[in-house]
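Before a label is accepted, it helps to ask what value stands behind it. Please go through the assignments below with that in mind.

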Amino acid sequence: MRIALVSDIHGNLPALEAVAADIRRRGADAVYALGDLLSGPLAARDTAHWLMASGWPCLAGNHERQLLSADPVVHEASDRAALAELDAESLAWLSTLPPTLRPASDILLCHGTPTSDCRYLLETVDSGGIRMASGDEIALRLAGETASLVACGHSHLPRALEAAGVTLVNPGSVGLPAYADTTPMYHRVETGSPDARYALVERLGGRWHVDLVSVPYDWRPMAALAARNGRAEWARALASGRV
């Protein structure tokens, strides 16, 4: 089976459409979305309806959990922007999404780590900023997971590596190539390009082969929309892949 992995769309419908077209061109037996699908000042409702119509299996990331929370304190500015335009059908669909998916017995799909939707699996944040996690750190976060392939999102950084005997993949972000965060301390995530990202994964000769794909698209309408919605930092990130 050849599978495509997408994550962290954040309501960026043109980026999603460009990725979907590239997946059709390259070919995949199935497409899975790894969470953080809608949150942001872009096109949350239209993206939700596109994903519902696609039939792609989707899981819930931390922003899906936050969007569905009854406690407004949990909502970040990007969640509030998405909630302002999401309809009842979209919210009902979000409530059906599981926190993890297992397309096969040896494949685990999650958003952050297998046990947390808000922790990085493949990166560590410390006083120097964000860095690739060590093998020991990853093994601890895998918490004894026995799948031979684990895919995650959350950090928006495309990576493919092996640790603790597991092939690990982060397809990167479809819709937001850079951001700054203050949890657990201030750090910046930057890909340095406005391109949309996804991954193709295939087992060949008993090993997982990973292709990290970068897809150019016309980001200008989404950057302009973010600016109109008062999110200059999103406009800058969408245009440059930098904070």
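The questions and answers that follow set computed values of this predicted model against the cut-offs behind the labels.

Q: How do you know that cysteine 118 is in no disulfide?
A: The nearest cysteine sulfur to that of cysteine 118 belongs to cysteine 110 and is 12 Å away, and a disulfide requires a pair of cysteine sulfur atoms within 2.5 Å, so cysteine 118 does not qualify.

Q: What makes cysteine 152 a residue in no disulfide?
A: For cysteine 152 the nearest cysteine sulfur is again that of cysteine 110, here 5.6 Å away, and because the limit for the sulfur pair is 2.5 Å, no disulfide is assigned. The structure as a whole holds zero disulfides.

Q: Why is cysteine 118 called partly exposed, and why is cysteine 152 called buried?
A: Cysteine 118 has a relative accessible area of 47%, which lies between the 20% under which a residue is buried and the 50% over which a residue is exposed, and therefore the label is partly exposed. Cysteine 152, at 1% relative accessibility, falls under 20% and therefore counts as buried.

Q: What puts the buried residues of α7 on the same side of that helix?
A: The buried residues of helix α7, which spans residues 220-228, are Met222, Ala223, Leu225 and Ala226. They cover an arc of only 160° around the axis, and therefore they lie on the same side of α7. Arg220 and Arg228, on the other side of α7, are exposed. The buried residues pack against α1 (13-26) and α8 (232-240), and after α7 comes glycine 230, whose phi is positive, near 80°.

Q: Why is threonine 47 called buried, and what does its side chain reach?
A: Threonine 47, which is found in helix α2 (residues 44-54), has a relative accessibility of 0%, and because this is under 20% the residue counts as buried. Its side chain reaches the backbone oxygen of glycine 11 at 3.3 Å, which is within the 3.5 Å allowed for a polar contact. Leaving aside neighbours within four places in sequence, the contacts of threonine 47 include Ile9, Asn12, Leu16 and Leu38.

Q: What makes asparagine 12 a buried residue, and where is its place?
A: Asparagine 12 has its place in the loop between β1 (2-6) and α1, and its relative accessible area of 0% is under the 20% limit, so it is called buried. Leaving aside neighbours within four places in sequence, asparagine 12 is in contact with Leu42, Thr47, Gly175, Tyr217, Met222 and Leu238.

Q: How do you know that β1 and β2 pair?
A: Four bridges join β1 to β2, and because at least two bridges are needed for two strands to pair, the condition is met. The two strands run parallel, and alanine 4 stands opposite valine 31 in β2. Strand β2 (residues 30-33) is covered on both faces, with Ala30 and Tyr32 buried on one side and Val31 and Ala33 buried on the other.

Q: Why is threonine 167 called buried?
A: Threonine 167, in strand β9 (residues 166-170), has a relative accessible area of 9%, and since that is under 20%, the residue is therefore buried. Not counting residues up to four places away in sequence, threonine 167 touches Ser148, Leu149, Val150, Leu161, Glu162, Trp208 and Val210.

Technical notes
Residues are numbered from 1 along each chain as its sequence is written. This is a predicted model: local features need pLDDT of at least 70, side-chain atom pairs count only at pLDDT 80 or more; totals for chains, interfaces and linings use all residues. Side-chain values use heavy atoms; hydrogens and water are left out. Buried means under 20% relative accessible area, exposed over 50%, partly exposed in between (1.4 Å probe, protein chains only). The arc is that of the directions from the helix axis to the C-beta atoms. Contact means heavy atoms within 4.5 Å. A polar contact is a pair of N or O atoms within 3.5 Å; within protein, one must be able to donate a hydrogen and the other to accept it, and residues adjacent in sequence count only if both atoms are side-chain atoms.
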